[in-house]
Amino acid sequence: MEDGRRVLSSVVASQIQTHQKYGGVVPELASREHLRAITPVVEEALAQSGTEWKELDAVACTYGPGLLGSLLVGVTYAKAISYAHKLPLIAVNHLEGHIHAVVLEHPQTALPALALIVSGGHTHLYHVRADFEYELISRTRDDAAGEAYDKVAKLLGFPYPGGPILDKLAPYGNPKAVRFTRAQMKGNALDFSFSGLKTAVLRWTEANAIADEVAARKRVAASASADEWLAVTPKATLDLIASFQQTVIDELLSRIAKLTEAHPVESVIITGGVACNAGLRLAAAASKIGVPIYFPTPGLSTDNAAMIGAAASRKLRKHDLAGLDLRAKASLAL
Ligand code: KG4
Ligand code: ZN
């Protein structure tokens, strides 16, 4: 990252193929894959950027929240680089990184803002009062939105991660065909809940004998195109997918609409893996929320290091540095 604005190189080592046969992320395998990938990824990032170690001003890493084994690999590696190359170390909260993915691409994002982080691990809404000042307003009580996508996809026989596949198929179904009851929240009415939706889909699969189509989808390669998935997905299932996607989008955007009434903000940020969702982007663009809504480009919506670099550049300017006693924290709050 140069000057906190220009991404000189962005290298992502995907582990999706490793986890695909287990239907989800296996923590032990994730940390092993990180260990295997980290040196080649760092070397490739340096090579692509045409930069040498001695030209760097600092090294940054995320130290949480997330899977401890994976965080340990990154934190330990960054500390070693910091020590060996005598570079300041910057610690970035992973969620803060997701927010800075938006600021990186949309420097005009005005504060205060409302930030929705929606990924496989998080569905969290923050009020961002000023730079690096966050107040958690609501969160999911159970599954994250991405997790709900992945679990529903798995019930229907699609491979992990199912979010992108369901998103591609949703436009082919009727979003009003299946009615899901909305979770009524006790306590903070703005909290999210997606586990009931997943259970409703499970009941639907039991009531609609779909064993044959599920078996057919399990025979399709994980990398199949939308057309290949359409060939093994009947109309009733497409209707279910469209209705599920519509319900998730409504849950997310209705909370944002309510909140922008209560908290006067200048902008809305939607970030994290689920921010790739085409239906969500279209609905956000058509919504009557009176302030601009910013998404990162899909490449910066899912996990990446550029967003950590963007947050770190701002921290470096404020001399907000970490020591070599930095520790990974699985459940770090923002
Ligand atoms: O941010 P991310 O890369 O990793 C973390 O969870 O931190 O997000 C991955 C999640 C997965 O659950 C995946 O299914 C979901 O984001 N996802 C999507 C889409 N693309 C990725 N969900 C819905 N629609 C999409 N287009
Ligand atoms: Zn993430």
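## The zinc site

Four donors around a metal count as tetrahedral if all angles lie between 85 and 135 degrees, and as square planar if opposite donors are over 155 degrees apart and all others between 65 and 115; anything else is irregular. Keep that in mind for this predicted model, where the four donor atoms of the zinc ion (ligand 2) make angles of 94 to 148° and the site comes out as irregular. For reference, the ideal angle for four tetrahedral donors is 109.5 degrees.

Which residues hold the metal? H94 and H98 each coordinate the zinc ion (ligand 2) through NE2, and D303 does so through OD, at 2.0 to 2.2 Å. Along the chain, these donors follow the spacing H-x3-H-x204-D. H98 sits in helix α4 (residues 94-105) while D303 is in the loop between α12 (298-301) and α13 (306-317), so this pair ties together parts that are 205 residues apart in sequence. The two also differ in exposure: H98 is buried, at 0% relative accessibility, whereas D303 is partly exposed, with a relative accessible area of 46%.

## Around ligand 1

D303 turns up again at ligand 1, where one of its polar backbone atoms is 3.1 Å from an oxygen atom of the ligand. Ligand 1 is surrounded by 18 residues, and the closest are G120, D150, D167, G273 and N277.

Two of those closest residues make polar contacts worth a look. A polar backbone atom of G273 lies 3.0 Å from an oxygen atom of ligand 1. N277 uses its side chain instead: an N or O atom there is 2.9 Å from a nitrogen atom of the ligand.

## The nonpolar cores

In soluble globular proteins, nonpolar side chains tend to be buried together. Here the largest nonpolar core has 51 residues, and F158, F244, I256 and I270 have the most contacts inside it. Elements giving two or more residues to this core include the strands β3 (113-118) and β6 (267-271), along with the helices α5 (145-155), α6 (163-169), α7 (195-207), α8 (211-218), α10 (235-262) and α11 (278-286). Which element gives the most? That's α10, with ten residues.

F244 is a good place to start browsing. Leaving out neighbours within four places in sequence, F244 is in contact with A148, Y149, V152, L166, F180, L197 and V201. There is also a second, separate core of 16 residues, with V42, V73, V75 and A91 among them.

## Helix α5 and its surroundings

Several of the F244 contacts, including A148, Y149 and V152, are also among the buried residues of α5. The rest of that buried set is A145, G146, D150 and A153. D150 has another role in the picture, as one of the residues closest to ligand 1.

What covers the buried residues of α5? The cover includes the strands β3 and β4 plus the helices α6, α7 and α10. After α5 comes G157, with a positive phi near 90°.

## T123, a buried threonine

T123 is in strand β4 (residues 123-130). With a relative accessible area of 0%, T123 is buried. A polar atom of its side chain lies 2.8 Å from the backbone nitrogen of A145, a buried residue of α5.

Not counting residues up to four places away in sequence, T123 touches I117, V118, S138, R139, T140, A144, A145, F192, F194 and L252.

## Backbone oddities

Most residues other than glycine have a negative phi, and most peptide bonds are trans. A few spots in this model go the other way. The bond joining L111 and P112 is cis, with omega about 0°, and P112 is found in the loop between α4 and β3. Another cis peptide bond runs from Y160 to P161, with omega near -10°; P161 is in the loop between α5 and α6.

As for phi, D3 has a positive value near 55°. D3 lies in the segment before α1 (16-20) and is exposed, with a relative accessible area of 68%. H319 also has a positive phi, near 55°. This histidine lies in the segment after α13, and H319 is exposed too, at a relative accessible area of 65%.

How values were computed: Residues numbered from 1 in each chain as written. Chains lettered and ligands numbered in written order. Predicted model: local features only at pLDDT ≥ 70, side-chain atom pairs only at ≥ 80, totals over all residues. Heavy atoms only, no water. Donors = N, O, S within 2.8 Å, 3.2 Å for Na, K, Ca; no water. Tetrahedral: all angles 85-135°; square planar, octahedral: opposite > 155°, others 65-115°. Helix = DSSP H or I, 4+ residues; strand = E, 2+ residues; numbered from the N terminus. Buried < 20%, exposed > 50% of the residue type's maximum accessible area, 1.4 Å probe, protein only. Core = buried A, V, L, I, M, F, W, Y, C linked by side-chain atoms within 4.5 Å. Contact = heavy atoms within 4.5 Å. Near = heavy atom within 4 Å. Polar contact = N/O pair within 3.5 Å; in protein donor to acceptor, adjacent residues only side chain to side chain.
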